[in-house]
Amino acid sequence: MPGETMSGGCQCGKVRFRVTGPLGAGSICHCRMCQKAFGAFYAPLVAVKPNTLEWTRGTPAYFQSSNHVRRGFCKDCGTPLTYEAPDGIALAIGAFDEPAKIPPKVQFGVEAKLPFVDDLAGLPSHRTENDPEAPAFLADIVSYQHPDHDTTSWPPEGGAQQ
Ligand SMILES: [Zn+2]
Ligand SMILES: [Zn+2]
């Protein structure tokens, strides 16, 4: 996707970013630090060139997770956003507005891979609308999550919108 502009941000919308130019290869990292930082089984990350990354609303807060690496996140909602090392910066793929465009191509830290990860695709699977309790839950749900596109102001006056 050379030259393409890709946007994204945290769940609450206080931090937004834009990448102008090609992304590196998408990856997942199984290392224990990435598991912790994402609260997840592994971390989905994509490398970006620093001069192609712009924070368009707010900026991340940081946790220095080692002497070499700091990790950026939204201090208001906790969304993991960056992995920043001396040799480069990577963004959390799930924070992009269109994460489906950034498939992972390589795995790192596989010595720490959790033993069930390779079996996830075979687990019993359910669609939300097939849950008998879903209609009532969904009927009056109000999302406060920022939509998957840039907004001129956020949060909207008068309540959430999509
Ligand atoms: Zn946030
Ligand atoms: Zn890692």
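**Figure 1. Gly 26 and its partner across the β3-β10 pair.** In this predicted model, Gly 26 stands opposite Pro 104, a residue of β10. Their two strands, β3 and β10 (residues 104-108), run parallel to each other and share four bridges. Strand β3 covers residues 26-29, and with β4 (residues 43-48) it pairs in the antiparallel sense, again over four bridges. To find your way along that second pairing, look for Ser 27, whose bridge partner in β4 is Leu 45. As a reminder, strands of a sheet pair through backbone hydrogen bonds, in either a parallel or an antiparallel fashion.

**Figure 2. The largest nonpolar core, with β4 as its main contributor.** This core holds 27 residues, and Ala 43, Leu 45, Val 46, Leu 81 and Leu 91 have the most contacts inside it. Two or more residues each come from β2 (16-20), β3, α1, β4, β8 (80-85) and β9 (88-92). Strand β4 gives the largest share, four residues. Nonpolar side chains tend to be buried together in soluble globular proteins.

**Figure 3. The surroundings of Val 46.** Which residues touch Val 46 once its neighbours within four places in sequence are set aside? They are Leu 23, Gly 24, Gly 26, Ala 90, Leu 91, Ile 93 and Ile 102. Two of these names return from the earlier views: Gly 26 is the residue opposite Pro 104, and Leu 91 is listed with Val 46 among the residues with the most contacts inside the core.

**Figure 4. Met 33 in helix α1.** Helix α1 spans residues 32-38 and includes Met 33. Is Met 33 buried, partly exposed or exposed? Met 33 is partly exposed, because 16 other C-beta atoms lie within 10 Å, while a buried residue would need 20 or more. For a sense of scale, compare Met 33 with Phe 73: the two are 40 residues apart in sequence, and their C-alpha atoms are 14 Å apart in space.

**Figure 5. An open sheet of three strands.** The strand order here is β1-β2-β5, with antiparallel pairing. Why do β1 (5-9) and β5 (53-57) each have one side without a neighbour in the sheet? Both stand at the edges with a single partner strand, so one side of each is left free of a neighbour there. From one strand to the next, the twist averages 25°. Between β1 and β2 there are five bridges, and a handy landmark is Met 6, which has Val 19 in β2 as its bridge partner.

**Figure 6. The cis peptide bond at Pro 155.** Trp 154 and Pro 155 are joined by a cis peptide bond, with omega at about -5°. You will find Pro 155 in the segment after α2 (134-139).

**Figure 7. Stepping back to the whole chain.** The chain has two helices and ten strands, which follow one another from the N terminus as β-β-β-α-β-β-β-β-β-β-β-α. Its C-alpha trace spans about 50 × 40 × 30 Å along the principal axes. Of the 162 residues, 25% are buried. Among contacts with a separation of 6 or more, 59% link residues 24 or more positions apart. An unreviewed UniProt entry annotates residues 6-114 as "domain: CENP-V/GFA". Over that stretch, residues 6-114, the chain is 44% strand and 6% helix, with 31 Å between the end C-alpha atoms.

Definitions and conventions:
Residues are numbered from 1 along each chain as its sequence is written. Chains are lettered from A and ligands numbered from 1 in the order in which they are written. This is a predicted model: local features need pLDDT of at least 70, side-chain atom pairs count only at pLDDT 80 or more; totals for chains, interfaces and linings use all residues. Two strands pair if DSSP finds at least two bridges between them. A residue is buried if 20 or more other C-beta atoms lie within 10 Å of its own, exposed if 12 or fewer, and partly exposed in between; C-beta atoms are placed from the backbone. A nonpolar core is a set of buried Ala, Val, Leu, Ile, Met, Phe, Trp, Tyr and Cys residues joined through C-beta atoms within 7 Å. Two residues are in contact if their C-beta atoms, placed from the backbone, lie within 7 Å. Axes are lines fitted to C-alpha atoms, for helices over the stretch in contact, and angles run from 0 to 180 degrees between N-to-C directions. UniProt positions are given in the numbering used here, feature names are shortened, and annotations may be inferred rather than shown by experiment.
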